[in-house]
Amino acid sequence: MRSHPKPQAFPLDMLAVNRSSPEHLSRQLYHGLVAIIRNRTLPPGSELPSTRALAAELGLGRNTIVAAYDQLVTEGYLANRQGARPVIVDLPEGPRETPAEDPPVPLRQPSLRGQQLLSQPYHHGRPGHVAFHPGMPDAQSFPFGVWGRLVARRASHGGETLFGTYDVTGHPALKEAIAGYLYSARGVRCRPEQIVITTGAQAAFDLLARLLLDPGDTVWMEEPGYYGAKAAFTVAGARILPIAVDQERGWRLDAPNFSPRLIYVTPACQHPLGITMRMEERLRLLDIAETANAWVIEDDFDGEYRFQGRPVPAIQSMDRSGRVIYVGTFAKLLFPALRLGFMVLPPELAGRIVNALSTTGQFAPLLLQAALADFITEGHMSRHLKRMRRIYAQRRQLFREIVTERLRDEITLSPAEAGIQVVGYLREGIDDIKVSQAAAKRAINVSPLSKYFQNTAPTQGLVLGYAACDAAQTRDGVERLAQAIRETLG
């Protein structure tokens, strides 16, 4: 039989308890015993005092000692023996504390894909910096009273179906509501089963990049273009080639040398310039995709807000070969924190997407989806959209007037007809990154236009969101932006 170590005096001084501490006495005792065991103050195999003896020594109730011992047995520090006191288990030494004077051991680097992920831009702004956050809607005008009632009603009568992980492609009622809305508003032709609800457009880009791209595949992407989508494609290992876009000439589809696996565009309201793709460009784009057998991602992030004429039909409505994937979001229509978006997939891809969603976990809460379905079908969204178009048109006009009056020598606003943001081109010699940094110090959130360029010489400008600001906030924001520009110029 294995002999136990020679008994040693038990180190009661290490088990001091503080009765005024908010921590329970049994937890204090547990921590003291762990320190004795981990530091090998008593060697493995040593017996602990009986619960009665230790309770008497410390002046504690026996149940307090029993609770601490039981936890140590559960975690494997002690071993119980029939009719005998518990003994200390012989544990591996484990990691040792590094002396303060020793240099820290460098941590292992993430994978190459992980390093790519960690290096991508962060673009979510800060609370309270509504002026002039690009693409930020006016959440204060959202009918939260109606929304709260819809959520509460669904929560009260949701039953099992809304509280599990069912319908991973989306709540059936919401998919049906979106299909009807897209056909009437954007000309999108789809059945509800082609729709997948996502936790925002960015989640759709991430999933699509993993589904459709292999490392080394070529993606054609607008330049300047949306860096969130570019980040998803870059992390997937794609090679990004630019499609030049500008205010005067639109999309220059004199294609790069390499045939694309995927083409990403924002045709209804180009991000960030706000221009709309002409019909000849749309047909040319579809012809290129057909010839290259490429996928097309149509990002319709802001197409509902158009201030001259009706919203233009989606490219998806012209697709005859099942290669256009339409991505939309409710972030601009409702509010960003809702984290609900969607994509319309070609039938063949839609039929198999459930397996990918199950693996990635990229599916949205059913309770919110059901409430949103009610919000759409009961007419609340159409009323809200109509109201916000009127409000944004007024704010857009006021913003343009104030910027033109106050900053006419520094900024030239683009004449874009759609979207809830606008590009302001800076005069020569003004650095947009320095301006954005100076503005941030004044609680003004603007995005430098130069960061939307990746492969070509950048244009200096600011992407300015006007929709979340009322008249007073706009005037104050423009004044602070003027101060930031003055600081940059010295």
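This passage looks at a pair of packed helices and a set of paired strands in a predicted model.

A helix pair makes a good starting point. Two packed helices are described by the angle between their axes and the distance between the axes. Here the partners are helix α1, spanning residues 25-38, and helix α3, spanning residues 62-75. Their axes come within 8 Å and cross at roughly 50°, which makes α1 oblique to α3. The crossing of α1 past α3 is right-handed. On the α1 side, the contact is made by Leu 25, Ser 26, Arg 27, Leu 29, Tyr 30, Leu 33 and Val 34. Helix α3 contributes Thr 64, Ile 65, Ala 67, Ala 68, Tyr 69, Gln 71, Leu 72 and Glu 75 to this contact. By residue type, the contact of α1 with α3 comprises 10 nonpolar, three polar and two charged residues.

Further along the chain, attention turns to strand β12, which covers residues 421-426. This strand is mostly covered, with five of its six residues buried. Strand β12 pairs with strand β11 (residues 411-413), to which three bridges join it, and also with strand β14 (residues 461-465), through five bridges. The β11 and β12 strands run antiparallel, and β12 and β14 likewise run antiparallel. Individual residue pairs help to locate these pairings in the structure. Between β11 and β12, Ile 411 has Leu 426 as its bridge partner. Between β12 and β14, Val 423 is partnered by Val 463.

Methods
Residues numbered from 1 in each chain as written. Predicted model: local features only at pLDDT ≥ 70, side-chain atom pairs only at ≥ 80, totals over all residues. Heavy atoms only, no water. Axes fitted to C-alpha atoms, helices over the stretch in contact; angles between N-to-C directions. Helix = DSSP H or I, 4+ residues; strand = E, 2+ residues; numbered from the N terminus. Parallel < 35°, antiparallel > 145°, perpendicular 65-115°, else oblique. Left-handed = near helix turned anticlockwise from the far one by under 90°. Contact = heavy atoms within 4.5 Å. Nonpolar A, V, L, I, M, F, W, Y, C, P; charged D, E, K, R; others polar. Buried < 20%, exposed > 50% of the residue type's maximum accessible area, 1.4 Å probe, protein only. Pairing = 2+ DSSP bridges.
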